[in-house]
Amino acid sequence: MSRGTWFVIGVAVTVVVVWQGRKVYRRFTPQGVQDQAADLGDELGRRLRTFTSTLTEAMHEREAELREALGIDEAPPAREFVPVQARRATRATAR
C-alpha cells in the first residue's frame, strides 16, 4: 500500500478515537454522571411502576378465580380504618 493510503487510514482511525474519547470523557464529567443517575432513576421508576401494576392486576385476577372456585358472589367487605392511639414510651429510671 502506498503512503497516501496509510495516511488516510491513520486520519480515519484518529478521528474515530477522538470522537469516541470525547463521548467517554463526557460520561465522566459531573454533568454526565448526573445525567446517567437521572436516567437510571427514571428507568428504575418505570420498571417499578410496571412491576406493581402487573402484580396488582395478577392479584385481582387470582382473587376473582378463587372467588369463582369457592362460589363467593359478594364483593369483599370494605375494610374499616381504625386509628391506633400512639403510646408514649416511658424510660425506666434507676434510683
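Visitor: In this predicted model, does Glu 63 count as buried, partly exposed or exposed, and at what relative accessibility?
Guide: The class is read from the relative accessible area, where buried means under 20% and exposed means over 50%, with partly exposed in between. Glu 63 therefore counts as partly exposed, its relative accessibility being 35%.

Visitor: Which residue forms a salt bridge with Glu 63?
Guide: Both partners lie in helix H2, where they are 4 residues apart, about one turn of the helix. An α-helix has 3.6 residues a turn, so residues three or four places apart point the same way. The closest N and O atoms of the pair are 3.4 Å apart, and the partner of Glu 63 is Arg 67.

Visitor: What is the N to O distance in the salt bridge where the side chains of Glu 65 and Arg 62 meet?
Guide: These two residues are 3 residues apart in helix H2, and so are separated by about one helical turn. Glu 65 counts as partly exposed at 44% relative accessibility, and Arg 62 is partly exposed as well, with a relative accessible area of 47%. Their side chains meet in a salt bridge with an N to O distance of 3.2 Å.

Visitor: Which residue is linked with Glu 43 and Arg 47 in a network of salt bridges?
Guide: The side chains of Glu 43 and Arg 47 themselves meet in a salt bridge, at 2.9 Å from N to O, and the two are separated by about one helical turn because they are 4 residues apart in helix H2. Glu 43 counts as partly exposed at 28% relative accessibility, whereas Arg 47, at 53%, counts as exposed. The network that links Glu 43 and Arg 47 also includes Arg 46.

Visitor: How far apart are the end C-alpha atoms of H2?
Guide: Helix H2 covers residues 30-70, and Gly 71, whose phi is positive, near 75°, follows the helix. At 1.5 Å a residue, the 41 residues of H2 should span 60 Å, and the model agrees with this expectation, since the end C-alpha atoms are apart by 59 Å.

Visitor: What is the approximate area of the nonpolar surface patch that includes Val 17?
Guide: Val 17 has its place in helix H1, residues 3-27. A patch takes in residues with over 30% relative accessible area and no salt bridge, and Val 17 counts as exposed at 53% relative accessibility. Together with Met 1, Trp 6, Ile 9 and Val 13, Val 17 makes a nonpolar surface patch of about 560 Å².

Methods: Residues are numbered from 1 along each chain as its sequence is written. This is a predicted model: local features need pLDDT of at least 70, side-chain atom pairs count only at pLDDT 80 or more; totals for chains, interfaces and linings use all residues. Side-chain values use heavy atoms; hydrogens and water are left out. A salt bridge is a side-chain nitrogen of Lys or Arg within 4 Å of a carboxyl oxygen of Asp or Glu. Buried means under 20% relative accessible area, exposed over 50%, partly exposed in between (1.4 Å probe, protein chains only). The expected span of a helix is 1.5 Å times one less than its number of residues. Patches are made of residues with over 30% relative accessible area and no salt bridge: like charges are joined within 9 Å, nonpolar side chains (Val, Leu, Ile, Met, Phe, Trp, Tyr) within 5 Å. Accessible areas come from the Shrake-Rupley method with a 1.4 Å probe; for residues, only the protein chains shown count as cover.
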